[in-house]
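The following exercises concern a metal site and a sheet. Please work through each task before reading its solution.

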Amino acid sequence: MIAISLKNLDVSYGTTKVVEGANFDVAEGESFALVGESGSGKSTILKAIAGLAPDWTGEISVLGERRGHGVDHAFATRCQMVFQDPYGSLHPRKSVDQVLSEPLKIHGLGNRDQRVEEMLAAVGLDRRFRYRYPHQLSGGQRQRVAIARALMLEPKVMLLDEPTSALDVSVQAEILNLLKKLRREQGLTYLMVTHNLPVVSFMCDRMAVMNKGRIVEIAPASALHDGSFSDPYTQSLYAASGGNPDRKD
Amino acid sequence: MTSEKTQAPLLDLQNLRVSFPTPKGRVDVVKGLSFTLGRERLGIVGESGSGKSMTGRAILRLIRRPGVQQADRILFDGIDLQSLSERKMRDLRGARISMIMQDPKFSLNPVMTIGDQIAEALKTHERLARSAVKSRVLEMLHAVRINDPERVVTLYPHEVSGGMGQRIMIAMMLIPRPDLLIADEPTSALDVSVQAQVLDLIDELVREKGMGLILISHDLNLVARYCDRILVMHAGQVVESCAAADLHKATHPYTRGLLAAVPRMEETRDELPVLDRSTWSGT
Ligand SMILES: Nc1ncnc2c1ncn2[C@@H]1O[C@H](COP(=O)(O)OP(=O)(O)OP(=O)(O)O)[C@@H](O)[C@H]1O
Ligand SMILES: Nc1ncnc2c1ncn2[C@@H]1O[C@H](COP(=O)(O)OP(=O)(O)OP(=O)(O)O)[C@@H](O)[C@H]1O
Ligand SMILES: [Mg+2]
Ligand SMILES: [Mg+2]
């Protein structure tokens with residue numbers, strides 16, 4: 001089955017069109033990356049799918065269902081988003097415990113105490129963080145809370161906007177391993193925005209490359225091994241990322 | 001580098017401690033950190049929660065209560081920062097010492113346009129005619145590789161993308177031409193090519209104007225490329241300090257662990273190695 005399907009998607013803010021003619025399908029269980037220039041519309045595509053950028057035309061389907069233009073609460077149990085900005089996305093006066101147990105409460109799920117505890121451990125946060133507020137956490141600790149919150153409802157599809165770019169490499173490794181394991185065990189589908197091509201290489205099957213509001217190329221992640229890209233923008237992005245000394249190993 | 005010609009260091013930090021109260025009493029999240037900085041580029045790397053941001057904030061005396069900071073010495077260009085009045089400290093912040101915060105959008109004023117905010121940062125530093133302010137603002141946005149600066153100056157913070165927010169913050173902090181820049185994860189939302197352009201701009205100010213730079217980042221390759229010296233922090237302490245060029249020869253097991261956890265362009269590993277956190281401390 002197709003988990004996410006975009007057909008001729010245009011998204012605007014006011015009079016400015018920021019995404020034009022986006023088309024791609026993400027298969028169920030696939031991990032698909034969205035990379036490209038800063039400001040090219042990557043977050044906007046995720047927001048449109050999640051119902052947070054209402055001014056769009058074209059077609060968006062998730063798990064076979066056509067999406068409307070607003071937030072849909074039943075949709076939340078199947079599809080969750082992790083936002084690029086962990087500061088803005090956590091409520092300043094809710095403790096970590098509240099943030100993680102509320103989705104369970106809203107959807108009438110039990111065994112909350114244990115689930116919260118397990119999820120904190122899964123994202124590498126000690127139990128002493130459970131009753132803290134966002135301002136008492138470091139940047140990376142907040143981002144892990146945001147990821148944990150998205151996972152609480154065991155969604156089938158995850159929209160991940162730069163989920164690990166605020167994290168140091170050791171925590172990033174833990175989160176990426178966790179996401180990979182969940183995908184393997186529960187068949188999750190990921191649509192992940194990242195600017196880090198090595199992360200794509202580790203995590204994803206395919207990637208779409210965006211430049212100035214348009215998708216300029218869709219390529220298998222294996223193209224990162226040999227640089228076999230066709231679009232000039234992708235080639236320049238790849239070349240710039242090739243400065244990574246690890247490549248010479 | 002320009003550090004040869006400086007006699008006294010630009011920044012002299014001795015035995016810095018930052019603590020927070022916990023149910024088990026006060027716990028230090030920065031535990032006696034010391035370093036001196038010339039007009040050079042110092043990188044601070046280390047795990048999430050190791051105290052990097054708190055170190056940066058403490059230099060500017062920006063630790064919020066109930067946190068408490070304390071040091072044997074914080075001298076900036078010969079000025080004892082710990083004994084300055086709050087007013088004098090405010091004058092110094094932004095003008096002579098700037099900090100690019102880790103949470104750019106959070107640090108921007110949500111009800112003021114991007115253009116007005118950068119103009120304000122410039123005006124606190126220099127008296128300029130209105131038209132001159134406007135062109136300096138546009139020039140600065142252009143310098144941080146913002147496409148279409150004419151449109152961007154009219155936007156509010158929630159209307160810019162993650163990477164644009166970071167670059168706007170950088171523009172705002174560089175426009176007063178500070179003597180010391182503390183940059184906390186300044187480019188974590190940028191792809192490598194834009195990142196390189198923005199860091200080259202910062203680098204230019206270090207070389208041409210003798211600005212001192214403290215670059216806090218979790219990106220080991222980036223600090224290796226853009227800094228002269230690197231401190232590796234772990235649980236509030238410096239566990240390794242080396243010349244940037246030698247980072248890949250680092251010996252501390254913790255630093256080695258960090259290096260191994262970086263994904264590679266031609267990744268074939270199924271799982272990335274992780275660090276053992278069982279020895280962790282902190283608040
Ligand atoms: N609420 C909004 N109102 C007006 N314009 C907006 C709004 N949100 C985003 N934009 C604009 O839409 C464009 C695309 O933004 P988007 O956040 O999708 O970029 P992105 O590809 O995620 O970039 P980054 O990698 O920097 O996060 C940008 O030019 C931005 O200024
Ligand atoms: N108000 C507070 N109360 C208790 N502990 C706090 C508070 N604020 C921060 N801390 C703790 O202080 C430690 C150091 O935080 P800091 O923000 O300096 O980390 P960091 O090294 O910048 O991490 P990151 O890479 O995730 O941003 C963290 O473990 C954090 O949980
Ligand atoms: Mg974005
Ligand atoms: Mg930090």
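**Exercise 1: the magnesium site**

Task: identify the protein donors of the magnesium ion (ligand 4) and place them in the chain.

Solution. Step 1: the protein donors are Ser53(B), through OG, and Gln102(B), through OE1, at 2.0 to 2.2 Å from the ion. Donors are N, O and S atoms within 2.8 Å of the metal (3.2 Å for Na, K and Ca); water is not among the atoms, so sites may look incomplete.

Step 2: Ser53(B) belongs to helix H1 (residues 52–59) of chain B, whereas Gln102(B) sits in the loop between strand S7 (97–100) and H3 of chain B; the two are 49 residues apart. Helices (H or I, at least four residues) and strands (E, at least two) are DSSP runs, numbered from the N terminus.

Step 3: Gln102(B) has a relative accessible area of 15%, and is therefore buried (under 20%; exposed is over 50%, partly exposed in between; 1.4 Å probe, protein chains only).

The model is predicted: local features need pLDDT (confidence per residue, 0 to 100) of at least 70, side-chain atom pairs 80 or more, while totals for chains, interfaces and linings use all residues. Residues are numbered from 1 along each chain, chains are lettered from A and ligands numbered from 1 as written, and side-chain values use heavy atoms, without hydrogens and water.

**Exercise 2: the sheet of chain A**

Task: give the strand order of the open sheet in chain A and its edge strands.

Solution. Step 1: the six strands follow the order S6-S7-S8-S3-S9-S10, with mixed pairing (at least two DSSP bridges between two strands).

Step 2: strand S6 (79–82) and strand S10 (214–220) of chain A are the edges, each pairing on one side only.

Step 3: S6(A) and strand S7 (residues 157–161) of chain A run parallel, joined by four bridges; Gln80(A) has Met158(A) as its bridge partner in S7(A).
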